[in-house]
Amino acid sequence: PEANVENIVIDFTDCHKRLDTMFNGWNQTAPEEVATFLREAGSFVNGSTKTVNQMAQQFEMKKRAEVDRQTKVSSTGELDMEALVNYKFTEDIFLRAEDTPNGKNHGLVILVDWSGSMCECMGETIEQMVQLVLFCKKVQIPFEVYGFTNNDFSRATYSYDREDESKKWNDDSEIFGDNFQMLNLMSSRMNTLQYKAGLKHMMMLAAVHGRGGYSLNCQVDYAFGLSGTPLDEALATLNTIIPAFRAANDLNIVNLTIITDGCSNGNHWGRMNNEYGTPILRNKRNGATYAAKNCYDSMTGNLLNYLRDETGVNIVGIFLEPSSPKRAVYSLVNRYDDLNKIGYDACLDQFKKEGFLSTTEDGYDEYFIIAAKKKVSQVDIADLDEDASLTKIKNTFVKSSAGSKSSRLMLNRMIDHLA
């Protein structure tokens with residue numbers, strides 16, 4: 001299905017205009033809480049500085065090495081007059097030219113699940129997203145952050161209006177649902193003032209959602225409240241967003257990170273009359289078909305494979321698992337063949353010890369299942385040498401406190417994909 005992006009995506013300018021109004025309201029009704037939120041936000045951003053700076057240094061070294069590898073030296077066909085004196089000793093008397101590739105090579109799109117089931121880990125999720133944004137900003141990687149939601153942006157309150165509910169918000173409602181939206185929360189297109197305001201708004205949302213989405217005097221605007229999980233609709237929309245993002249920024253490599261705690265809501269795509277059966281996706285351009293393994297799988301894997309084939313994007317999934325380790329691992333081992341081969345006991349041991357498991361199934365280049373209750377914390381790598389290797393940085397992360405696994409994992413994997 002083709003998405004009308006203009007109707008679905010809410011640009012960051014509109015998002016933060018609305019958030020600014022919400023924030024100003026909080027400032028009137030709960031100034032003390034707002035002051036606390038801002039102190040926490042400043043502490044988090046400042047605490048991320050050392051980590052982000054070290055990551056940036058290593059990224060620049062890796063990027064420089066890649067540019068050097070791509071640099072070509074060739075003859076111009078013009079005589080080098082200073083080399084003519086050496087003609088009897090060498091036939092290389094022509095001027096040389098270096099062809100060095102220009103432009104930004106990498107870009108990042110972050111897709112954030114804005115569903116109600118994220119309530120227990122939404123604060124940490126937003127903080128992780130902010131750390132990635134800080135890193136991208138530091139090394140000047142183009143980036144876009146989208147939250148996918150079923151909450152209609154045209155509504156301001158949680159009050160139910162049957163007449164409003166009956167209206168079709170966009171032309172794609174028959175396929176994508178009446179209220180499907182993608183909130184463009186952060187972007188490299190922001191100017192300095194917009195970027196600073198955006199960070200403040202994101203950290204304010206993290207603070208409130210981190211308290212279960214509730215504060216006595218700080219009510220979250222309906223558009224930014226938690227909703228359903230229209231993941232499949234978001235993936236279909238990215239088929240339009242990613243090519244435009246690549247072209248606008250002259251990118252060679254685009255990475256996509258999807259942060260979620262569950263499967264898509266599910267829809268009728270690929271099924272006859274909404275009946276159970278193997279969901280199938282067909283590429284109208286070249287006739288390629290994508291089929292899930294069985295009737296219990298959603299369309300999500302098909303859409304991920306389609307997206308990769310059509311756009312060339314690298315896809316990393318991060319699944320926040322709220323269940324107990326035994327229950328989670330039992331389910332995962334029965335679902336994923338590669339984890340089944342490792343075995344339940346070994347997977348359970350890793351999940352308890354390291355806080356995550358990973359698989360390469362379901363359309364992801366790598367899909368990480370992380371214990372949702374792992375707390376984000378800062379990793380201090382100030383003691384590393386200036387010329388520390390990427391391996392040294394990773395080892396330092398690994399030796400850090402066990403409570404930082406979720407944050408550390410996300411940041412490490414993004415270095416792997418971006419550098």
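Here is a short chat about a predicted model, its overall make-up and one helix pair.

User: Hi! How many helices and strands does the chain have?
Analyst: Happy to help! The chain has 15 helices and 12 strands, and keep in mind that this is a predicted model.

User: Cool. What share of the residues counts as buried?
Analyst: Of the chain's 419 residues, 48% are counted as buried. The accessible surface is about 20800 Å², and carbon and sulfur atoms contribute 49% of that area.

User: And what about contacts between residues 24 or more positions apart?
Analyst: Those make up 75% of the chain's contacts with a separation of 6 or more.

User: Switching to helices: at what angle do H2 and H8 pack?
Analyst: Helix H2 (residues 12-29) and helix H8 (residues 192-209) pack at about 60 degrees, and their axes are 10 Å apart. The two are therefore oblique to each other.

User: Left-handed or right-handed crossing?
Analyst: H2 crosses H8 in a left-handed way.

User: Which residues meet there?
Analyst: From H2, they include Phe12, His16, Phe23 and Trp26; on the H8 side, Gln194, His201, Met204 and Leu205 are among them. By class, the H2 contact with H8 has nine nonpolar, five polar and two charged residues.

User: Nice. One more: is Thr21 buried or exposed?
Analyst: Thr21, which sits in helix H2, is exposed, since its relative accessible area is 56%.

User: How far is Thr21 from Asp221 in space?
Analyst: Their C-alpha atoms are 9.4 Å apart, while in sequence Thr21 and Asp221 are separated by 200 residues.

Definitions and conventions
Residues are numbered from 1 along each chain as its sequence is written. This is a predicted model: local features need pLDDT of at least 70, side-chain atom pairs count only at pLDDT 80 or more; totals for chains, interfaces and linings use all residues. Side-chain values use heavy atoms; hydrogens and water are left out. Axes are lines fitted to C-alpha atoms, for helices over the stretch in contact, and angles run from 0 to 180 degrees between N-to-C directions. Helices (H or I, at least four residues) and strands (E, at least two) are DSSP runs, numbered from the N terminus. Angles under 35 degrees count as roughly parallel, over 145 as roughly antiparallel, 65 to 115 as roughly perpendicular and the rest as oblique. A crossing is left-handed if the near helix is turned anticlockwise from the far one by less than a right angle, and right-handed if clockwise. Contact means heavy atoms within 4.5 Å. Ala, Val, Leu, Ile, Met, Phe, Trp, Tyr, Cys and Pro count as nonpolar, Asp, Glu, Lys and Arg as charged, and the others, Gly among them, as polar. Buried means under 20% relative accessible area, exposed over 50%, partly exposed in between (1.4 Å probe, protein chains only). Accessible areas come from the Shrake-Rupley method with a 1.4 Å probe; for residues, only the protein chains shown count as cover.
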